[in-house]
Amino acid sequence: MFEPSVLAHMAQESAPQPLTLQLDRFEYRHIYSIDQLAQTFSARVFILLQIPTKEVEARKETGFPLGDTDDGDEDKLRFKSARWYLSRLRIHNMAEGGSVQTNVVTGADGGLECSMLVSGTFHVMFELREFPLDRQFLYVHLKSLCANEKKVPVRLEVPERGLATVDAENFALSNVWRLRQKVAVENRPINMQELGLSYPGLRFVLCVHRRPGYYIVNVVMPTGLIVLLTGAQFQIAAEDVADRLSVSVTLLLTAVAFKLVTSTMTPAVAYLTLLDRYVGVSSIIIFLAVGAAAVAGEIDATFDRAAAWSLLGLWAVLHFWFAARVLAAQAGYSAHSWRPASVRNSVRC
């Protein structure tokens, strides 16, 4: 019988050594569209991974470099070729219908360069609570189908020389989004606990900030002016309740109709966005103006003046708050701590 330490040493020696795939370069070559409703973006990306020379030299005796007649079963012990390993790479968040072009060539130093040119639509989770001042993290999630627990594992590495870039000059959506010219690289393995398997992965994260000018001009400014016009009712005598109500109710109906028209401009999500909160508070101010018009004739002039200044104060506070959020968003764009929390403590960007 073997001692436990000897058994552990034998198991360690018999465990398969993972093949190392080092990131040499990643490029966002072109971003076609960003769809906030479908929570997707379309892009063309280029990925270059390198099998180091020492890995190739160590495995030459098994016919490693470019053979492509391997058995597809990863549970069999026969060593796989470089093309087989490349064929086991997938984009985890890419929708159906995309295209992937792959190639394997021998590098100048004797290593193998495995390239992937991917064009398609990628699913992401958009956070729209700050819409239209939001920033979004667009990412491409690369994974290997070679499980760490099986007989041909893979290790995805990001060495110091690994580069991740974006083509900012040809960014066609610059009139809607501001593009960060840095790409963060994150180690992102996929764990399938129910199967007891884990798969290595890398995620390439790109940050974009929305330009809010369109929504400020077409939604915020008209809504703010409609609310401000409710102050005109206080120029009508308090005893003329019908005239006052005709002004305030007309403006209320105008605000509701405008909200319905502009609803197609805003994302349909189950929570309130920043723009929803602004429009909601504006509607509340108009409702308060209608209530003040209905009771002003039964209360003295002091109440009328207090109501007018209170509504004007609420309007000013609302727009001061919104302006502060806009300035904070502008300052956030200039800050360097733009990366998501999951990326900040991971690999380089």
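These are my notebook entries on helix α6, its partner α7 and the nonpolar core of a predicted model.

**Entry 1, helix α6.** I looked up the extent of α6 and found 22 residues, with a reach of 32 Å from the first C-alpha to the last, which is close to the 32 Å expected at 1.5 Å a residue. I then listed its buried positions, among them Leu274, Leu275, Asp276, Tyr278, Val279, Ser282, Ile285 and Ile286, and noted that what covers the buried residues of α6 includes α4 (213-229), α5 (241-262) and α7.

**Entry 2, α6 against α7.** I checked how α6 (residues 274-295) lies against α7 (residues 301-334), and their axes come within 10 Å and cross at roughly 175°. Because roughly antiparallel applies to angles over 145 degrees, α6 is roughly antiparallel to α7. I recorded the residues in contact, including Leu274, Tyr278, Ile285 and Val295 from α6 and Phe303, Leu311, Trp315 and Phe322 from α7. Sorted by class, the contact of α6 with α7 holds 16 nonpolar, two polar and two charged residues.

**Entry 3, the core.** I turned to the largest nonpolar core, which has 78 residues, and found that Phe26, Tyr28, Ile34, Phe41 and Phe204 touch the most other members. The largest share of this core, nine residues, is supplied by α6. I noted for comparison that, in soluble globular proteins, nonpolar side chains tend to be buried together.

**Entry 4, Phe204.** I followed Phe204 further and, leaving out residues up to four places away in sequence, found that Phe204 touches Leu23, Phe26, Tyr28, Leu138, Tyr139, Val140, Leu142, Val183, Ala184 and Val185. Phe26 and Tyr28 thus appear again, having been listed with Phe204 among the core residues that touch the most other members.

Key. Residues are numbered from 1 along each chain as its sequence is written. This is a predicted model: local features need pLDDT of at least 70, side-chain atom pairs count only at pLDDT 80 or more; totals for chains, interfaces and linings use all residues. Side-chain values use heavy atoms; hydrogens and water are left out. Axes are lines fitted to C-alpha atoms, for helices over the stretch in contact, and angles run from 0 to 180 degrees between N-to-C directions. Helices (H or I, at least four residues) and strands (E, at least two) are DSSP runs, numbered from the N terminus. Angles under 35 degrees count as roughly parallel, over 145 as roughly antiparallel, 65 to 115 as roughly perpendicular and the rest as oblique. Contact means heavy atoms within 4.5 Å. Ala, Val, Leu, Ile, Met, Phe, Trp, Tyr, Cys and Pro count as nonpolar, Asp, Glu, Lys and Arg as charged, and the others, Gly among them, as polar. A nonpolar core is a set of buried Ala, Val, Leu, Ile, Met, Phe, Trp, Tyr and Cys residues joined through side-chain atoms within 4.5 Å. Buried means under 20% relative accessible area, exposed over 50%, partly exposed in between (1.4 Å probe, protein chains only). The expected span of a helix is 1.5 Å times one less than its number of residues.
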